Amino acid sequence: MQVLIVESSPDIGRVWQRHLERQGMCVTLVAGQDEAIESLQNSAPDLIVLDLVLEQGSAFAVADYANYRHPDTRVIFTTNSSFFSDGSIFQHVANACAFLPKKVDLEDLTAMVEHYGKDSALSEVKRVRAARRS
């Protein structure tokens, strides 16, 4: 499974990256919108773990671009803020699938990534098989 982490805090991002890699996932870590867009131009991750409050750029722009470029890629938002804690993030971002606090337990993060990323990975397999048949 391929995961893109867009996280402003390098320390948090590296902890998440190393943990997910130990679970057998291929993880790319970037710090802001420009790097995330560049990554999305070059590859299609199965899932994005996205800091809602980026220091560089907009999380909404990243999620929107991902939805346009890779419609099957889902986004798990993370934040320290209570903003959107009412669940309204799902009304604003079509590809949002989960909303987690930054102090998430690593095992919980892994379970969410595996659960939501699996659907995207299966969709990619189906697309490849369909392309081979054509």
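Helix axes are lines fitted to C-alpha atoms over the stretch in contact, and angles run from 0 to 180 degrees between N-to-C directions. The model toured here is predicted.

**The helix pair.** Select helix α2 (residues 33-42) together with α3. Their axes come within 10 Å and cross at roughly 10°. Angles under 35 degrees count as roughly parallel, and α2 and α3 are therefore roughly parallel to each other. Next, display the side chains at this contact: α2 contributes Gln33, Ala36, Ile37, Leu40 and Gln41, while α3 contributes Ala61, Val62, Tyr65, Ala66 and Arg69. By class, the residues of the contact of α2 with α3 comprise seven nonpolar, two polar and one charged.

**The sheet.** Now select the strands. Five of them build an open sheet with parallel pairing, and the order to trace is β2-β1-β3-β4-β5. At the edges stand β2 (26-30) and β5 (96-101); each has a single partner strand, so one side of each is left without a neighbour in the sheet. From one strand to the next, the twist averages 20°.

**A strand pair within the sheet.** Restrict the selection to β1 (residues 2-6) and β3 (residues 47-51), which pair in the parallel sense over four bridges. Centre the view on Leu4, and Ile48 in β3 will be found opposite.

**Helices across the sheet.** Add helix α1 (residues 10-22), which lies across β1, β2, β3 and β4 (74-79) and runs at about 170° to β2. Finally, return to α3 (residues 59-69), this time with the strands shown: this helix lies across β1, β3 and β4, running at about 165° to β3.

Notes:
Residues numbered from 1 in each chain as written. Predicted model: local features only at pLDDT ≥ 70, side-chain atom pairs only at ≥ 80, totals over all residues. Heavy atoms only, no water. Pairing = 2+ DSSP bridges. Helix = DSSP H or I, 4+ residues; strand = E, 2+ residues; numbered from the N terminus. Contact = heavy atoms within 4.5 Å. Parallel < 35°, antiparallel > 145°, perpendicular 65-115°, else oblique. Nonpolar A, V, L, I, M, F, W, Y, C, P; charged D, E, K, R; others polar.
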